[in-house]
Amino acid sequence: MFKQVTYSLNSREVAEATNEWLDKRGVSKTSIAQLVHFLQKDYYPELTLDECIANVEAVLSKREVQNAVLTGIQLDLLAEEGKLMAPLQEMVRNDEGLYGCDEILALSIVNVYGSIGFTNFGYIDKLKPGILKKLNDKNDGQIHTFLDDIVGAIAAAAASRLAHRKQAGREEEAERLKE
């Protein structure tokens, strides 16, 4: 008889792998935080990069986000190595315009923090500022079909989280002043 082994995933290892793979692909928390700042600076002129980093870290602490990051990076790496089957290989390699699975995976991240994240994601995906411009560059030999959308989604989710927290803070302050 075979003894059945119970599967158990170590959450700390998943979080560490997520951060490690983002770093390996040239994406720092600061570069994502700069996108958050870009999205929110007009609404919160006092916003600091440290606040943005804290919100990025909070988003990256979610298992759903970690799963999307690891899955997307793996698919990009497999495409770089030519290990996907045709026609998927060509679609991912060329970031095919009608291939929307990269956006769908990214939307699973945005969905964690509500509808404001969707508008932030669409906006930043269209403009591609900061690190997104670098990730979208097709001339460096790397494939970031999934990662550019994932990074945009992390920034959009962090911006949404930040906006929700700022609003809650305003409401708490208003209540406190009433007393």
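**Exercise 1. Two aromatic rings**

Phe 38 has 26% relative accessibility; decide whether the residue is buried, partly exposed or exposed. Then describe how its ring pairs with that of Tyr 123.

*Solution.* The model is predicted.
- Step 1. Buried means under 20% and exposed means over 50%. Phe 38, at 26%, therefore counts as partly exposed.
- Step 2. Treat Tyr 123 in the same way. Its relative accessible area is 46%, so Tyr 123 is partly exposed.
- Step 3. Now the geometry. The ring centres of Phe 38 and Tyr 123 are 6.1 Å apart, with 15° between the planes. This aromatic pair is stacked.
- Step 4. Place the partners. Phe 38 belongs to helix α2 and Tyr 123 to helix α7. The pair therefore ties together parts 85 residues apart in sequence.

**Exercise 2. The other ring pair**

How many aromatic pairs does the structure hold, and what geometry do Tyr 99 and Phe 146 show?

*Solution.*
- Step 1. The structure holds two aromatic pairs.
- Step 2. The ring centres of Tyr 99 and Phe 146 lie 6.1 Å apart. Their planes stand at 80°, so this pair is edge-to-face.
- Step 3. Tyr 99 sits in the loop between α5 (88-93) and α6, and Phe 146 in the loop between α8 and α9. The contact therefore ties together parts that are 47 residues apart in sequence.
- Step 4. Check burial. Tyr 99 is buried at 12% relative accessibility. Phe 146 is buried at 2%.

**Exercise 3. The nonpolar core**

Find which residues touch the most other members of the largest nonpolar core, and which helix supplies its largest share.

*Solution.*
- Step 1. The largest nonpolar core has 47 residues. Ile 109, Val 151 and Ile 154 touch the most other members.
- Step 2. List the contributors. At least two core residues come from each of α2 (29-40), α3 (49-60), α4 (63-80), α6 (101-110), α7 (116-127), α8 (131-136) and α9 (147-178).
- Step 3. Helix α9 gives the largest share, with twelve residues.
- Step 4. Follow Ile 109 outward, leaving aside neighbours within four places in sequence. Its contacts are Val 59, Val 65, Ala 68, Ile 150, Ala 153, Ile 154 and Ala 157.

**Exercise 4. Lys 24 and its partners**

Name the ring that Lys 24 lies over and the acidic residue with which Lys 24 forms a salt bridge.

*Solution.*
- Step 1. Lys 24 lies over the face of Trp 21, 4.3 Å from the ring centre.
- Step 2. Lys 24 also forms a salt bridge with Glu 20. The closest N and O atoms are 3.1 Å apart.
- Step 3. Count along helix α1 (residues 11-24). Lys 24 and Glu 20 are four residues apart, so about one helical turn separates them.
- Step 4. Glu 20 is partly exposed, with a relative accessible area of 40%.

**Exercise 5. Salt bridges between distant parts**

State how many salt bridges a search of the whole structure finds, then trace the ones made by Glu 80 with Arg 25 and by Glu 51 with Lys 166.

*Solution.*
- Step 1. The search finds twelve salt bridges.
- Step 2. The Glu 80 and Arg 25 side chains meet at 2.5 Å, N to O. Glu 80 is in helix α4 and Arg 25 in the loop between α1 and α2, so this bridge ties together parts 55 residues apart in sequence.
- Step 3. Compare exposure. Glu 80 is partly exposed at 30% relative accessibility, whereas Arg 25 is buried at 5%.
- Step 4. Glu 51 and Lys 166 meet at 2.8 Å, N to O. This pair links distant parts of the chain: Glu 51 in helix α3 and Lys 166 in helix α9, 115 residues apart.
- Step 5. Glu 51 is partly exposed, at 27%. Lys 166 has a relative accessible area of 19%, under the 20% limit, and is therefore buried.
- Step 6. Extend the picture. Glu 46, Glu 51 and Lys 166 are linked in a network of salt bridges. Lys 166 also lies over the face of Tyr 44, 5.6 Å from the ring centre.

**Exercise 6. A lysine on helix α7**

Is Lys 126 buried or exposed, and how far is its C-alpha atom from that of Gly 152?

*Solution.*
- Step 1. Lys 126 is in helix α7.
- Step 2. At 72% relative accessibility, Lys 126 is exposed.
- Step 3. The C-alpha atoms of Lys 126 and Gly 152 are separated by 10.0 Å. Along the chain, these residues are 26 apart.

**Exercise 7. The annotated span**

Which residues does UniProt list for "domain: YutG/PgpA", and what is the helix content of that span?

*Solution.*
- Step 1. The unreviewed UniProt entry lists residues 30-164.
- Step 2. This span is 69% helix and 0% strand.
- Step 3. Its end C-alpha atoms lie 21 Å apart.

How values were computed:
Residues numbered from 1 in each chain as written. Predicted model: local features only at pLDDT ≥ 70, side-chain atom pairs only at ≥ 80, totals over all residues. Heavy atoms only, no water. Core = buried A, V, L, I, M, F, W, Y, C linked by side-chain atoms within 4.5 Å. Buried < 20%, exposed > 50% of the residue type's maximum accessible area, 1.4 Å probe, protein only. Contact = heavy atoms within 4.5 Å. Phe/Tyr/Trp six-rings, centres within 6.5 Å; stacked < 30°, edge-to-face > 60°. Lys NZ or Arg CZ within 6 Å of the ring centre and 35° of its normal. UniProt positions renumbered as here; feature names shortened; annotations may be inferred. Salt bridge = Lys/Arg side-chain N within 4 Å of Asp/Glu carboxyl O.
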